[in-house]
Structures are given as C-alpha cells and as structure tokens.
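Dear colleague,

I am handing over the structure we spoke of, and I would be glad if you could look through it alongside the notes below.

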Amino acid sequence: MHNPITPLSLPQDGIRCVLFDMDGVLFDSMPNHAIAWTRAVQQYGLSISREEVFLNEGRTGSGTINALTQRTWGRQATEEEVQNIYRTKSEIFNACPTAPPMPGAAEVLTKITRLQLLPLIVTGSGQQSLLDRLNKHYPGMFKRELMVTAFDVKLGKPHPEPYLMGLVKAGAVLNSDGSPLHPSQAVVVENAPLGVQAAKAAGIYTIAVNTGELTDKALLDAGADIVFPSMQALADAL
Ligand code: CA
C-alpha cells in the first residue's frame with residue numbers, strides 16, 4: 001500500500017533544496033546497469049545476480065568488484081582487475097540502447113522549482129554520457145556546480161559523503177556566507193537502499209521511489225521516510 005500524501009506531509013518548513021539521485025530516479029538506466037554488470041563480471045569468471053545489482057546500486061565500481069572477488073576468489077581485486085572489469089562494464093553499458101528519462105521526473109522537477117526549491121544531482125555515476133543528457137532532457141534544471149558526481153567524492157554510498165557534499169554545494173549557492181545547508185533544509189529523492197542509507201546517515205529527510213526490482217520493504221528497512229511506487233506518483237503528490 002502506498003499512502004497518498006499532500007504537500008503538507010512533507011517537512012516543508014525551511015526546505016530550500018531537493019537532492020536527486022540520477023540512475024533510477026531521473027533516468028530509467030538501472031536495467032542497462034543490470035545487463036552490463038551481469039555480463040561483464042561473467043567474462044572474468046565472477047557472477048552477480050540482477051537482484052544483487054539493484055542491492056549494490058550506489059556503491060563505487062571498485063566496491064562492487066571487490067565484494068565479488070572476495071566472495072569467489074577470497075581476496076580483494078588488484079587495481080588492474082578493477083580497471084579491466086569496470087572498463088568492460090562501461091563498454092557494455094554504453095552499447096545498450098540509451099536509457100530513457102524516468103516517466104514523471106520532468107513533472108517533479110517543474111513542481112519543485114515552482115515551489116522555489118533548488119534541484120541538485122547527487123550521483124555515484126561518472127558516466128559522462130548520462131551527465132550530458134541531463135541538460136538535453138531537463139534543460140536549464142541543473143547547473144554543473146550543483147552536481148555531485150563520482151569525480152567529487154572518495155567514498156560511495158552508503159557513506160553519507162555524497163549527500164553531505166550536496167549540502168555544501170547547495171549552501172555555496174544559497175547562503176550569503178557560503179556555509180553548508182543544514183540537513184533539515186534539504187530533501188533527498190532516492191531509488192536504492194544504499195542511497196537511502198547514505199541520505200539518512202547525512203541526516204536528511206528521504207523520499208524513496210521504488211522504480212526498480214526490489215520490495216518497498218528493502219527501501220523502508222534502509223530508513224526511507226516515505227516510499228512512492230514511481231516518480232509519477234511523487235509528482236502527483238506534490
Ligand atoms: Ca539510483
């Protein structure tokens with residue numbers, strides 16, 4: 001059951017920005033990631049199930065690869081292995097049909113900007129092609145200085161660093177003294193359990209959208225404050 005909410009159900013007072021995850025929130029790209037990961041690691045004698053791809057979503061590439069080598073080979077991957085496997089994964093991903101924008105996401109963005117909230121991107125992705133496509137599909141919505149990507153952070157989700165960096169970047173634009181926003185001044189939109197964990201560890205109210213192949217329970221157990229079945233359902237509730 002998904003409880004419909006009114007805008008008043010969100011912690012509106014003092015909210016100044018919305019931090020959006022990208023894969024599985026703004027683009028329906030997770031099916032391509034699932035194909036790329038499962039096929040790529042197979043070429044190296046490793047294996048990962050589709051469900052595990054969704055469960056590991058948000059982790060850095062090396063974090064995911066090390067978990068697999070640890071399980072199968074009983075050791076961490078070498079730097080060379082990480083680079084080779086991740087390159088193969090990226091090649092397969094880039095050969096997949098282009099991931100479409102997530103239905104409902106444009107409407108969510110339009111509504112939150114009407115509410116005078118600043119949208120930011122917080123993603124573990126370093127896929128240049130996806131970053132470029134943000135401007136094509138969501139024109140004028142995101143500025144480069146308001147994006148946190150794989151290039152900005154050392155620690156992937158579920159560590160709070162990416163979302164804390166989002167508060168820093170938002171504060172640099174919104175606060176006259178450039179100080180970071182307080183976690184209570186932001187809301188996160190996430191689709192993955194590790195992403196929800198990262199946002200909650202940063203102390204931020206977290207809306208989960210279940211656009212993938214896991215249960216709502218996986219998102220609630222990760223700490224989501226509320227779960228919507230889709231971005232369109234979130235748009236309808238705003
Ligand atoms: Ca995601």
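What follows is a description of the metal site, the nonpolar cores, one helix residue and two backbone features.

Please keep in mind throughout that this is a predicted model.

The calcium ion may be the best place to begin. Its donors are Asp21 (OD), Asp23 (O), Glu57 (OE) and Asn191 (OD1), which coordinate the ion at 2.1 to 2.3 Å, and along the sequence these donor residues follow the spacing D-x1-D-x33-E-x133-N. Two of them, Asp21 and Asn191, link distant parts of the chain, being 170 residues apart: Asp21 sits in the loop between β1 and α1 (30-42), whereas Asn191 sits in the loop between β4 and α8 (193-201). Asp21 and Asn191 are both buried.

Turning to the nonpolar residues, the largest core has 29 members, of which Phe20, Leu26, Leu134, Phe142 and Met231 touch the most other members. Two or more residues are given to this core by each of β1 (17-20), α5 (105-114), β4 (186-190), β5 (205-209), β6 (226-228) and α10 (231-237). Leu26 is worth following in the viewer: with neighbours within four places in sequence left aside, its contacts include Phe20, Leu134, Phe142 and Met231, and also Asp21, the residue that gives an OD donor to the calcium ion. Apart from the largest core there is another, of 18 residues, among them Cys17, Leu120, Ala170 and Ile204. As general background, nonpolar side chains in soluble globular proteins tend to be buried together.

Within helix α3 (residues 61-73) you will find Thr64, which counts as buried because its relative accessibility is 5%. Setting aside neighbours within four places in sequence, Thr64 is in contact with Trp37, Ile48, Asn56 and Arg59.

Two points about the backbone remain, and for both the general background is that most residues other than glycine have a negative phi and most peptide bonds are trans. The peptide bond from Lys157 to Pro158 is cis, with omega near 20°, and Pro158 belongs to the loop between β3 (147-148) and α7 (161-174). Gln116, although not a glycine, has a positive phi of about 65°; this residue is placed in the loop between α5 and β2 (118-122), and it counts as exposed because its relative accessibility is 70%.

With best regards

Technical notes: Residues are numbered from 1 along each chain as its sequence is written. This is a predicted model: local features need pLDDT of at least 70, side-chain atom pairs count only at pLDDT 80 or more; totals for chains, interfaces and linings use all residues. Side-chain values use heavy atoms; hydrogens and water are left out. Helices (H or I, at least four residues) and strands (E, at least two) are DSSP runs, numbered from the N terminus. Buried means under 20% relative accessible area, exposed over 50%, partly exposed in between (1.4 Å probe, protein chains only). Contact means heavy atoms within 4.5 Å. A nonpolar core is a set of buried Ala, Val, Leu, Ile, Met, Phe, Trp, Tyr and Cys residues joined through side-chain atoms within 4.5 Å. Donors are N, O and S atoms within 2.8 Å of the metal (3.2 Å for Na, K and Ca); water is not among the atoms, so sites may look incomplete.
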